[in-house]
Amino acid sequence: MNDTTGLGDDVQLITLDVNGTSHEVITAPRRTLVDVLRHDLGLTGTHVGCEHGICGACTVLVDGLPARACLMFAAQAEGARIATVESLADSGTGTGTGTGELSDLQRAFTAHHGLQCGFCTPGFLMLAQGFLAERPEATKEDIREVVAANLCRCTGYQTIVEAIDACATARRSQRAAGAEEDSCN
């Protein structure tokens, strides 16, 4: 359970499935998912930027689809599968095996310098993870269009597009070859 100090009398118990683990949280009904992830569950990889759904720094996957955690009440996420950027580093597939190894997508961002200050990176990683799961055959033009949904003030986007494209290409090659482990380098 979490500390309810300062929440007032209007609180509710919700259960969230985050990164494959069930968490019971006592929270105010209008508290955002990003606040619960960061402050109650300690998953600080999901960043708070604009708090208006514009920048994408708070992007997580909800039932496999990218969603802005600053625009969603935590209570709305009850019953859904939520994945944060912390889920990516557990294994090459993001399945939570506990190895601590970077995912193929994270390695691609590193190899292609798809990050600078790093503040927007978790949002871009989760946006790309959801997008590539839905559109594994995405072209560079498709990727450019989707990354325009998030804001980055450092990279100029080209290296982000290159990283996602390299990962998508490597995943397609491995699927064609029947390989079991992903690698985007």
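The following exercises, each with a worked solution, concern a predicted model of a protein.

**Exercise 1. Overall architecture**

Determine how many helices and strands the protein has, and in which pattern they follow along the sequence.

*Solution.* Begin with the count: the secondary structure comprises five helices and five strands. Next, read the elements along the sequence, which gives β-β-α-β-β-β-α-α-α-α.

**Exercise 2. Burial, surface and contacts**

State what share of the residues is buried, what share of the accessible surface belongs to carbon and sulfur atoms, and what share of the contacts with a separation of 6 or more joins residues 24 or more positions apart.

*Solution.* Of the 185 residues in the protein, 46% are buried. The accessible surface amounts to about 9100 Å², and carbon and sulfur atoms contribute 51% of that area. Turning to contacts with a separation of 6 or more, 51% are between residues 24 or more positions apart.

**Exercise 3. The crossing of H4 and H5**

Classify the arrangement of helix H4 (residues 140-147) and helix H5 (residues 158-177) from their axes, and describe the residues in their contact.

*Solution.* The two axes come within 9 Å and cross at roughly 125°. Angles of 65 to 115 degrees count as roughly perpendicular and those over 145 as roughly antiparallel; H4 is therefore oblique to H5. The handedness of this crossing is right-handed. On the H4 side, the contact involves Lys140, Ile143, Arg144 and Val147, while H5 supplies Gln158, Ile160, Val161, Glu162, Ile164 and Asp165. Sorted by class, the contact of H4 with H5 contains five nonpolar, one polar and four charged residues.

**Exercise 4. Two positive phi values**

For Glu51 and Tyr157, give the phi value, locate each residue, and decide whether each is buried, partly exposed or exposed.

*Solution.* Glu51 is not a glycine, yet its phi is positive, near 60°. Glu51 lies in the loop between helix H1 (33-40) and strand E3 (59-62). Because its relative accessible area is 51%, Glu51 is exposed, the cut-off being over 50%.

Tyr157 is likewise a residue other than glycine with a positive phi, near 75°. Tyr157 occupies the loop between H4 and H5. Its relative accessibility is 22%, so Tyr157 counts as partly exposed; buried would require under 20%.

**Exercise 5. The position of Leu102**

Locate Leu102 in the chain, assign its exposure, and relate Leu102 to Glu86 in sequence and in space.

*Solution.* Leu102 belongs to the loop between strand E5 (81-83) and helix H2 (104-111). With a relative accessible area of 38%, Leu102 is partly exposed. Leu102 and Glu86 are separated by 16 residues in sequence and by 9.9 Å in space, C-alpha to C-alpha.

Notes. Residues numbered from 1 in each chain as written. Predicted model: local features only at pLDDT ≥ 70, side-chain atom pairs only at ≥ 80, totals over all residues. Heavy atoms only, no water. Helix = DSSP H or I, 4+ residues; strand = E, 2+ residues; numbered from the N terminus. Buried < 20%, exposed > 50% of the residue type's maximum accessible area, 1.4 Å probe, protein only. Contact = heavy atoms within 4.5 Å. Areas by Shrake-Rupley, 256 points an atom, 1.4 Å probe, with all protein chains shown as cover. Axes fitted to C-alpha atoms, helices over the stretch in contact; angles between N-to-C directions. Parallel < 35°, antiparallel > 145°, perpendicular 65-115°, else oblique. Left-handed = near helix turned anticlockwise from the far one by under 90°. Nonpolar A, V, L, I, M, F, W, Y, C, P; charged D, E, K, R; others polar.
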